[in-house]
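Please open the model in your viewer, with the sequence panel beside it, and follow the stops below in order. At each stop there is something to select and a short account of what is there.

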Amino acid sequence: MTASGPPALGVRGATKRFGAVVALDDVDIDARRGEVLALLGDNGAGKSTLIKCISGVHRLDAGTVEMDGVAVDPGSPAAARSLGIETVYQDLALFDNLDPAANFYAGREMTAPRWLPRGLRLVRRRAMVEATAAVLRRLEVGVADLGTAVGLLSGGQRQAIAVARAAAFATNIVILDEPTAALGVRESRHVLDLILRLRDEGLAVIVVSHAMDHVMEIANRAVVMRRGRTVGELIPRPETRQQIVSLIVGGDG
Amino acid sequence: MASDAGGTPPAAASDVARRSRTDLPSLGLAAMRVGPALMLLIVVIAAATLSPVFFTTRNVGNVLSQTAVIAILALAQLLVIVTRGIDLSVGSNLALSAVVGALVFGTVDSGPLVIAAMLATGMAVGLVNGAVLVWGRLPHPFIMTLAMLSIARGLALWLSGGQPISGMPESVQRIGGEAIGWLPYSAFLVAGLALLTLLLTKAVVWGRWIFAVGGNPDAARRAAVPVNSVVVSVYVLSGLAAGIGAVINAGRLNGGSPTFGELAELDAIAAVVIGGASFHGGRGHVGNALVGALMIGVIRNAMNLLNVNAFLQPIVIGVVIVLAVELDVLRERLEERLRIIQAAHS
């Protein structure tokens, strides 16, 4: 974890209002390559708003998003993606009726021939299946049959497919919203291992989670938010756990 | 909560996982995926056994030509239903397109022009359906296309003065009524359109987007799929199908009538549903929609041959719809069971 140089992602003075509600109030965070940053806070603390501003769903009212020290504008989901930012939302945004390869490449299909308008081109199905299989192999996500619609997979496998899809296209940052919330113990284990693999591949990983055990296990740093502000940044360790919890609930002295 | 409570999977798990590809639910699922075709086969065998006339070339040609319009409407209705939509206006649209074609023929005796007028009318109606649905933010396509069912029928009656307008160019009559040997032209038209639809849904980016939009419209939007255009396009294609249906009908009967295509929308929807497409969207197959259309055609034909009271036909078709969907419900159950098996052994 080299802290030298500008971070992969830096948010500076982020402010976002919805009518009279201040969802984000002058928030700063850094996410570094090869590091898992946990974003913690109670419901309504502003975590979701913050990640939506980074992934182009919302626009900041004030403040900047920087990547490697350069100001960028993730003004739409497509813009964020082209900046190498991929987000796995809680609903996973999977196409249950389609197989893993079609899920990976929906909206960014491999196509030919190039002289046709995009919508009229033919999909290069085999190339997409092979590329998908390669990513799943690299990330050690086991799916028995790549021809199966993802709706037929288990909750853990679906989560793994969604994370792997993000990993396949993210060149800089992967954001995960409650990646283990809907999973059993063993399935959570697989997904946590997968997140650590993304970290080891040199991506900056941001995880929003309520599962303190999981945060303690995988996060290198934890930023705690409350009422739209960052109220603390700690290294998750057994000794700091109680401190983190009290920051989240607001009962600190 | 201790994080190691899950323990390790039992040693036998991997064996079970390997076997699970050929266990009972999987086999049942495989059988059910060809369910509609199997049902059609049973109906055809029954019809052939009960009536010696059924398998004569002349009767088969009859079935094909009577099924052609339903089949073409069903191909497009399939795309609409895949996007979680429905198009109730195709029957009325067919009548309007045929009337417009007949009126054009009244001024110019040009096959291509009359055909173009019918196709353009159909597509224009479809475009209005899609555009008002998407940009007028109507809550459900049922409403827009129900309104259009009324509007297009009314227009057809108004433009024709409520009377059939006879006369069609020779080329249109040939498409609608003539055959190569015993195979009607319209059957070739169906086959060609089915192949095009198959190509669209399996191999063309736009077709894949239709399935993505049906599977998860929000995710499709986030994935930068042009959701609105995709939705509008399926209604335009459905309108085009109505226009093609108008060419066939008008050609066969040598004229355009405002009563064409009455309840044709229900036949098309029934064919798609019998073919196992889901109203939840994202699922449906071109071959199965054709099978559904043929099923309706064969049942009607067989009952005619057997001199069964004509009033029984709609009852039988209704029962077939319920059976087919029941089969689909069973399939979904099996898929759910497979998912549980997979979850247990992943």
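The tour goes from the sheets of chain A to the helices of chain B and ends where the chains meet.

**Before selecting anything**

This is a predicted model, in which local features need pLDDT of at least 70 and side-chain atom pairs count only at pLDDT 80 or more, while totals for chains, interfaces and linings use all residues. Residues are numbered from 1 along each chain as its sequence is written, and chains are lettered from A and ligands numbered from 1 in the order in which they are written. Helices (H or I, at least four residues) and strands (E, at least two) are DSSP runs, numbered from the N terminus.

**Stop 1: the six-stranded sheet of chain A**

Select β6, β9, β10, β3, β11 and β12 of chain A, which in that order form an open sheet with mixed pairing; two strands pair if DSSP finds at least two bridges between them. At the edges lie β6 (85–88) and β12 (229–234) of chain A, each of which pairs on one side only. Ignoring direction, neighbouring strands of this sheet are turned against each other by 20° on average.

Now narrow the selection to β10(A), residues 204–208, which runs parallel to β3(A), residues 35–40, and is joined to that strand by five bridges. Within this pair, A:Val36 stands opposite A:Val205. Another five bridges join β10(A) to β9(A), again in parallel, and here A:Ile173 stands opposite A:Ala204. The path of the chain from β9(A) to β10(A) goes through α6(A), and this β-α-β crossover is right-handed (with the strands pointing away from the viewer, the path from the first strand over the helix to the second runs clockwise).

Is β10(A) enclosed or open? Five of its five residues are buried, so β10(A) is largely enclosed by the rest of the structure; a residue is buried if 20 or more other C-beta atoms, placed from the backbone, lie within 10 Å of its own. In a regular strand the side chains alternate between the two faces of the sheet. Colour A:Ala204, A:Ile206 and A:Val208 for one side of β10(A) and A:Val205 and A:Val207 for the other, and you will see that both faces are covered.

**Stop 2: the helices on this sheet, and a second sheet**

Add α6(A), which lies across β3, β9 and β10 of chain A and runs at about 150° to β10(A); axes are lines fitted to C-alpha atoms, for helices over the stretch in contact, and angles run from 0 to 180 degrees between N-to-C directions. Next select helix α1(A), residues 47–54, which lies across β1, β2 and β4 of chain A at about 115° to β1(A).

Those three strands belong to an open sheet of four, with the order β2-β1-β4-β5 (chain A) and antiparallel pairing. Its edge strands are β2 (21–31) and β5 (70–72) of chain A, and the twist averages 30° from one strand to the next. Five bridges join the antiparallel strands β1(A), residues 9–18, and β4(A), residues 62–67, with A:Val11 opposite A:Val65.

**Stop 3: the helices of chain B**

Turn to chain B, which has 15 helices and four strands and whose C-alpha trace spans about 85 × 55 × 35 Å along its principal axes. Of its 346 residues, 48% count as buried.

Select α6(B), residues 111–135, and α7(B), residues 141–160, whose axes come within 9 Å and cross at roughly 145°. Show the side chains of B:Val125, B:Val128, B:Asn129, B:Val132 and B:Leu133, which meet B:Pro141, B:Met144, B:Thr145, B:Met148 and B:Ala152.

Then select α10(B), residues 205–215, a mostly covered helix in which 11 of 11 residues are buried, among them B:Trp206, B:Arg208 and B:Trp209.

**Stop 4: where the chains meet**

Centre on B:Ala223, in the loop between α11 (217–222) and α12 (227–253) of chain B. B:Ala223 is buried, with 22 other C-beta atoms within 10 Å, and its C-alpha is 9.7 Å from that of B:Ala212, which is 11 residues away in sequence. Not counting residues up to four places away in sequence, B:Ala223 touches A:Ala106 and A:Gly107.

Finally, show both chains: 31 residues of chain A are in contact with 30 residues of chain B, where contact requires C-beta atoms, placed from the backbone, to lie within 7 Å. On the chain A side, the elements that give two or more residues are α2 (77–82), β8 (122–123), α5 (155–169) and α6 (185–200).

Note on methods: Contact = placed C-beta atoms within 7 Å. Buried ≥ 20, exposed ≤ 12 C-beta atoms within 10 Å, placed from the backbone.
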